[in-house]
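Visitor: I've got a few minutes before my gel finishes. Can you walk me through this one?
Guide: Sure, pull it up and ask away.

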Amino acid sequence: MTDFVMPALGADMETGKVVQWLVRPGDRVRRGDVVAVVETHKGAIDVEIFLDGVIGDLAPLEVQLPVGAVLAHVQGAGEPMQEAPRSVTSSSASAPTAAVLATAAPSPPTAAPAARRNVSPAARRRAQELGVDIQALSGSGVEAAVTLADVEQAAASPGAPPAAPALRRGFEPAQMRAAIASAMARSKREIPHYYLNEPVPVRVALDWLRVRNAVLPVTERLLLAVLLIKAVALALRAAPQLNGHFVEGGLRPSAAVHVGVAISLRGGGLIAPALHDVQSKPLPQLMAELADLVTRARSGRLRSSEMNSPTITVTNLGDTGVESVFGVIYPPQVALVGFGRVGERAWADAGRIVPMPAVDASLAADHRASDGHVGAAFLRALAEQLQQPDTL
Amino acid sequence: MQDSEIRAGVVTTLCEVAPEVDPAQLSGLRPLRQQVDLDSMDWLNVIIGWHKRFGVDIPEADYAKLTTLDAVVRYIGERRGGV
């Protein structure tokens with residue numbers, strides 16, 4: 001039996017509230033399944049589980065719970081089934097566990113545990129969007145699995161099961177502001193930032209993009225932003241001290257590069273969810289994932305694994321027209337890379353002044369984890385990467 | 001397809017990407033990306049939306065022509081007419 005706990009969805013999160021369970025006791029869960037929607041100051045987040053097994057008791061809805069509080073017990077695949085439904089009060093687990101689960105509404109005295117529903121992830125997602133109660137559906141898929149079509153049919157039919165109340169997906173601007181204030185104040189209080197800036201010529205990269213995009217349908221075109229993000233990930237090989245987290249008084253470097261992408265939200269606010277394993281993904285995949293991430297960030301459909309995993313952040317504020325940006329590091333990360341506006345400049349080259357498209361690449365880094373020497377090596381490597389778009 | 005229909009579709013797509021936009025407040029003559037706060041990802045999504053709605057191919061080299069709402073309507077009308 002393992003505990004599924006309230007995840008920390010960012011440095012500024014202390015409590016969260018489950019607003020929807022997408023599973024029921026007795027459901028089988030697999031690693032990566034979205035099992036709950038948790039409301040945070042940055043809006044509702046789809047929370048994934050990273051356990052395999054059968055889900056047990058669930059924490060109650062609409063109750064503020066601290067990070068680390070037990071949300072559910074999960075019985076591992078190899079563990080023997082328990083004879084009787086597990087009683088929440090007989091839990092031998094730690095006191096906070098019992099305290100949290102004991103506040104749950106008493107479960108109905110069902111003789112048998114709820115039958116396991118086989119539901120495709122797409123169907124689950126759609127049911128959530130449409131407010132369809134999946135448990136009330138009969139599945140038409142393999143082993144009576146509930147399919148996407150079942151869900152849509154149920155939503156369209158007049159006798160549809162009673163819809164769950166629509167879930168609020170946006171964020172409260174005041175709460176978002178408070179969350180940003182808390183994280184950024186902590187950053188400025190605790191992190192001794194140092195800043196570097198380097199103008200990087202991007203003619204080669206822009207030419208490469210133009211040739212490539214000219215023959216592609218609009219849905220497959222790449223943005224320069226994707227090249228910049230990939231170049232950051234590859235350049236970090238020259239400066240591993242910039243990629244990771246500062247925890248317990250020291251740097252914990254990360255082998256994988258999960259790039260937090262700063263996304264401004266319409267109506268105010270900012271969120272920087274992760275693109276995972278950027279160093280090893282081809283550009284078209286990164287482009288598709290970035291487009292998806294931006295869409296979901298703005299519609300309030302981010303996943304927990306995207307909220308708590310960035311190992312470095314990239315901001316592309318130049319898109320709004322500013323020449324350069326010096327970022328505030330998002331703790332416990334140790335660096336933030338900023339890109340300014342892409343534009344033509346007077347560039348001295350081999351004794352001549354030539355017009356050159358260029359972008360200011362800046363680095364804000366944590367002096368506890370690295371020195372300016374490392375930061376400079378990183379920016380140099382970044383500039384070199386961008387001169388070789390074929391290698392990105 | 002009349003210009004007015006094209007304009008309505010162009011604006012609908014814009015509002016899908018930027019829901020806070022009030023269509024009544026959009027000027028046909030002012031630079032579009034100044035009126036509507038569109039970063040490069042938003043702009044790409046707008047282009048994809050127009051491509052799907054009107055069935056026209058919009059090469060990257062033509063983005064520079066899509067300066068104002070009026071220019072977009074004219075451009076899409078010509079591209080559709082040329083098919």
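Visitor: Is Asp360(A) buried or exposed?
Guide: Buried. This is a predicted model, and in it Asp360(A) has 6% relative accessibility. The cut-off for buried is under 20%, so Asp360(A) counts as buried.

Visitor: Which residue forms a salt bridge with Asp360(A)?
Guide: Arg345(A) does. The closest N and O atoms are 2.9 Å apart.

Visitor: What does that pair tie together?
Guide: Two strands of chain A. Arg345(A) lies in strand 18 and Asp360(A) in strand 19, so the pair ties together parts 15 residues apart in sequence.

Visitor: How many salt bridges over all chains?
Guide: The structure holds 20. One of them joins Arg296(A) and Glu306(A), with the closest N and O atoms 2.6 Å apart. Arg296(A) sits in helix 7 and Glu306(A) in helix 8 of chain A, so parts ten residues apart in sequence are tied together. Both Arg296(A) and Glu306(A) are buried.

Visitor: And in chain B?
Guide: Take Arg79(B) and Asp62(B), a salt bridge at 3.9 Å between the closest N and O atoms. Arg79(B) lies in helix 4 of chain B, and Asp62(B) in the loop between helix 3 and helix 4. Asp62(B) is buried at 10% relative accessible area. Arg79(B) is partly exposed at 30%.

Visitor: Switching to the interface. How many residues does the contact take from each chain?
Guide: Chain A gives 15 residues and chain B gives 20. Together the chains bury about 1,400 Å², with 53% of it on carbon and sulfur atoms. On chain A, Val218(A), Arg221(A) and Arg266(A) supply 45% of the area buried against chain B, more than any other three residues.

Visitor: How many salt bridges are there between chain A and chain B?
Guide: Five. Arg221(A) pairs with Asp57(B), the closest N and O atoms being 4.0 Å apart. There is also a network of salt bridges linking Arg266(A), Arg298(A), Glu20(B), Asp39(B) and Asp42(B).

Visitor: Which element gives the most to chain A's side?
Guide: Helix 7 of chain A, with five residues. That side of chain A divides into eight nonpolar, two polar and five charged residues.

Visitor: Last one. Where is Ser309(A)?
Guide: In the loop between helix 8 and strand 16 of chain A. Ser309(A) is buried, at 13% relative accessible area.

Visitor: What does the side chain of Ser309(A) join in a polar contact?
Guide: The side chain of His276(A), at 2.9 Å. Ser309(A) also touches His245(A), His258(A) and Ala274(A), among residues over four places away in sequence.

Terms used. Residues are numbered from 1 along each chain as its sequence is written. Chains are lettered from A and ligands numbered from 1 in the order in which they are written. This is a predicted model: local features need pLDDT of at least 70, side-chain atom pairs count only at pLDDT 80 or more; totals for chains, interfaces and linings use all residues. Side-chain values use heavy atoms; hydrogens and water are left out. Contact means heavy atoms within 4.5 Å. Buried area is the accessible area (1.4 Å probe) that two parts lose on being put together, summed over both. A salt bridge is a side-chain nitrogen of Lys or Arg within 4 Å of a carboxyl oxygen of Asp or Glu. Helices (H or I, at least four residues) and strands (E, at least two) are DSSP runs, numbered from the N terminus. Ala, Val, Leu, Ile, Met, Phe, Trp, Tyr, Cys and Pro count as nonpolar, Asp, Glu, Lys and Arg as charged, and the others, Gly among them, as polar. Buried means under 20% relative accessible area, exposed over 50%, partly exposed in between (1.4 Å probe, protein chains only). A polar contact is a pair of N or O atoms within 3.5 Å; within protein, one must be able to donate a hydrogen and the other to accept it, and residues adjacent in sequence count only if both atoms are side-chain atoms.
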